Amino acid sequence: MRQVSPESPDIFDFIMELYGACNGEWETLLSRCNISLEALAAFLEYAATFLCNVGNYYGEGDQKFVPDLSAETLRRIADVSPETKARLEKIIDPLLAIPPYSLGYPDENTQSGYYISDRNNSITPEDRQKVSTIMHLKRIEPDNTRFRKIMRDGQPVLQILRASGRKKVLPLEDGIELHTGDHSQEVNLIVSSLMKAKLSARNENQRETFDRYEQFQDTGNMRALKKAQRCWVSDKSPTVEFILGFIESYRDPAGIRCEWEAMVGIADKVEAAKLRDSVAHSDEFIRQLPWAVEGVNNGKGPFEKDLFEPPDFTSVHALAVCGSTVFEAANLPNNERIRETVGFKNIVLANRLSVNHRPDAPCHWIDASQLDFYQQTSHIVRYVTTAIHELLGHGTGKLLSERLPGKPNFDNSCLPKSPLTGRPITSWYQPHQTWGSVFGKLAGTVEECRAILMSEYFMDNKSLLEIFGYTDDSEVTAEDLLYATYLNIGVDGLQALQYYNAENHAWGQVHSQAHFSILKRLLQDGHGVISITEVNLPQKSLAVHVDRAKILSHGKPAIGEYLTKLHTWRCTANFAACREYYEPLCKVKGIYEEWRKIVVAKPKRKWKFVQPNTFLSGNGDDLEVEVKVYEASNEGIIQSWAERGV
């Protein structure tokens with residue numbers, strides 16, 4: 001929460017204090033605080049939404065949300081006890097304040113938990129550059145850092161804050177310091193839990209994984225994390241799978257500092273077997289990509305790894321997820337060196353994906369004649385494309401780079417030829433450069449766009465679809481899924497406009513930005529394979545239309561060309577070409593702005609997930625784990641968090 005906004009931890013404490021004050025009997029506040037049933041419902045909606053997003057900004061879209069209550073009503077609710085009253089007064093102004101509208105570099109309209117200062121002494125672009133430069137020189141990786149600007153003796157001091165259990169202050173140069181021990185209280189609790197989990201490790205590899213993670217959490221040193229991730233990747237197909245650490249950088253406006261996330265899940269052996277079948281055929285599919293070159297690198301071409309290390313691909317039922325979103329799947333670790341030399345894991349959260357199968361859910365962007373078909377197939381498309389997205393989307397590609405000066409991971413005596421120009425490449429990653437450091441804020445959305453395009457590119461591949469049980473003879477045929485995929489491209493692209501911030505002209509969600517760019521690309525260059533029409537109902541709406549006859553002749557070539565561009569630029573560190581092409585595709589102007597207004601008038605339902613808790617009972621050999629499931633309601637979500645004892 002501290003990574004989201006300064007007020008988020010205190011809002012959490014206020015909600016928990018209020019729960020305790022009424023002992024979870026929320027309706028008692030009606031008479032005790034003299035509030036209406038509608039006011040209580042509005043507060044519970046806000047509290048549950050806050051807890052599900054782990055902060056007061058939506059995990060999808062990064063837009064701020066506030067309670068639909070006045071300050072006066074909130075104060076009446078808080079009057080239930082002196083403690084709740086004091087906690088509310090501490091946060092009521094930032095809790096209700098609009099602006100800020102969204103997350104971003106702090107200014108009048110945006111806020112960030114990664115860049116901390118007061119408004120009279122704000123962090124400047126020059127400050128950010130100074131910190132970036134010194135971190136590069138001192139080999140301080142940014143993943144688990146924030147930074148703060150203070151005044152000391154009338155002079156500005158920039159403090160790099162690194163998450164760890166140990167506290168220490170290290171001067172780096174005049175006016176810049178490294179402070180370890182950020183989030184130390186929480187980190188030490190994590191370390192304690194890791195050591196307890198280690199007692200249940202099934203093998204030596206798992207025990208070493210826990211040891212390495214403990215070292216990382218204690219010291220904050222990223223080298224320890226990389227050792228932990230190497231062990232974690234090597235632990236194939238465990239019954240209990242987990243994800244832990246500072247993982248995705250989507251919420252940092254610079255695209256380099258990562259959000260702390262965690263997940264624990266129990267493997268689904270049947271579904272995992274299907275996913276591993278796709279892994280077994282992965283090399284075959286990679287040779288069918290547009291940049292594959294016969295006779296080079298076993299037919300895969302120079303822009304793929306020499307050896308595609310078959311990843312662990314598993315399906316789990318998530319028991320607990322901590323983060324601003326409950327994600328559908330993950331492909332980790334993000335460190336490219338580990339991915340190339342050790343491998344990676346693909347993890348699908350089956351119980352999260354199953355939520356997508358809601359035939360009764362409204363869809364405003366599909367023509368009535370196609371609605372039944374769309375509702376019966378969209379969840380299948382989502383499952384299959386998610387599997388391809390993780391395995392071949394995030395799993396392919398070789399970053400051409402010099403690990404050390406003069407020692408590239410490619411043949412520099414015969415430079416690879418670009419599939420875009422047919423000429424030898426002219427750029428690659430220099431020593432100590434990474435995908436994230438070169439592409440910055442664009443890295444996340446471009447990589448997600450590449451993975452999405454990969455999944456859509458392969459949805460006509462009948463050999464691949466057969467692995468998942470879809471053929472020309474199945475109830476939902478392979479042809480049906482291909483057509484449904486293009487309907488989904490249209491719907492996802494339109495729905496993405498909900499996450500575009502018109503005030504700041506910025507995207508708040510990297511996947512949505514990617515989905516919109518793909519739709520825009522097909523509208524511009526797909527020769528009518530997809531079209532959007534305005535429908536004048538009692539309220540304006542939009543409808544997606546797909547020309548089935550043009551999917552293979554025009555749709556797939558357009559997707560393949562877009563995919564090849566992003567893949568090549570990513571592999572060759574060509575940020576300038578990528579930005580010049582990608583950013584215009586993400587602009588929302590003209591007719592797209594008119595569509596945005598229609599879309600935001602019919603917002604997509606934002607999911608809230610209630611999660612169970614586990615409790616130990618008994619002693620010794622009679623020790624048992626009890627799983628407590630809560631009511632699927634706002635009250636259930638709050639109770640789940642309160643009984644977690646955070």
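In this text, a strand is a DSSP run of type E with at least two residues, and strands are numbered from the N terminus. With that in hand, let's take a walk through the structure, keeping in mind that this is a predicted model.

Our starting point is Leu616, which sits in strand 19, the stretch covering residues 613-617. Is Leu616 buried or exposed? Its relative accessibility is 62%, and anything over 50% counts as exposed, so Leu616 gets the label exposed. Leu616 also has company: together with Leu623, Val625, Val627 and Val629, it makes up a nonpolar patch on the surface. Add up the accessible area of that group and you get about 520 Å².

Now for a patch with charge. Glu25, Glu27, Glu631 and Glu635 form a negative patch on the surface. Take Glu635 as an example: you'll find Glu635 in helix 23, which runs over residues 634-642. Its relative accessibility is 34%, so Glu635 counts as partly exposed.

Next, let's look at a residue with a different label. Asp268 lies in the loop that links strand 9 (259-267) and helix 10 (269-280). With a relative accessible area of 18%, Asp268 falls under the 20% cut-off and is therefore buried. So which residues does Asp268 touch, once we ignore its neighbours within four places in sequence? The contacts are Ser315, Val316 and His317. Have a look at His317 in particular: His317 and Asp268 are 49 residues apart along the chain, yet their C-alpha atoms are separated by 6.7 Å.

Time to talk about pairs of charges. Side chains of opposite charge can pair when their charged atoms come close. How many salt bridges does the count come to here? The count is 38 salt bridges, and we can visit a few of them.

One of them joins the side chains of Asp211 and Lys198, with 2.8 Å from N to O. Asp211 belongs to helix 8 (residues 204-219) and Lys198 to helix 7 (residues 184-198), so this pair ties together parts that are 13 residues apart in sequence. Both partners are partly exposed: Asp211 has a relative accessible area of 25%, and Lys198 comes in at 26%.

Stay in helix 8 for another pair. Arg212 makes a salt bridge with Glu208, and their closest N and O atoms are 3.5 Å apart. Here the two partners share a helix: Arg212 and Glu208 both lie in helix 8, four residues apart, which is about one turn of the helix. Arg212 is partly exposed at 23% relative accessibility, and Glu208 is partly exposed too, at 30%.

Farther along the chain, Lys597 and Glu594 meet through their side chains in a salt bridge of 3.8 Å, N to O. What separates Lys597 and Glu594 within their helix? They are three residues apart in helix 22 (residues 591-600), so about one helical turn lies between them. Lys597, at 44% relative accessibility, counts as partly exposed, and Glu594 is partly exposed with a relative accessible area of 39%.

Salt bridges can also link up through shared partners, and that brings us to our last stop. Glu336, Glu447, Arg450 and Arg570 are joined in this way into one network.

Conventions:
Residues numbered from 1 in each chain as written. Predicted model: local features only at pLDDT ≥ 70, side-chain atom pairs only at ≥ 80, totals over all residues. Heavy atoms only, no water. Patch = residues over 30% accessible without salt bridge, like charges linked within 9 Å, V, L, I, M, F, W, Y side chains within 5 Å. Areas by Shrake-Rupley, 256 points an atom, 1.4 Å probe, with all protein chains shown as cover. Salt bridge = Lys/Arg side-chain N within 4 Å of Asp/Glu carboxyl O. Lys, Arg positive; Asp, Glu negative; His and termini not counted. Charge placed at Lys NZ, Arg CZ, Asp CG, Glu CD. Buried < 20%, exposed > 50% of the residue type's maximum accessible area, 1.4 Å probe, protein only. Contact = heavy atoms within 4.5 Å.
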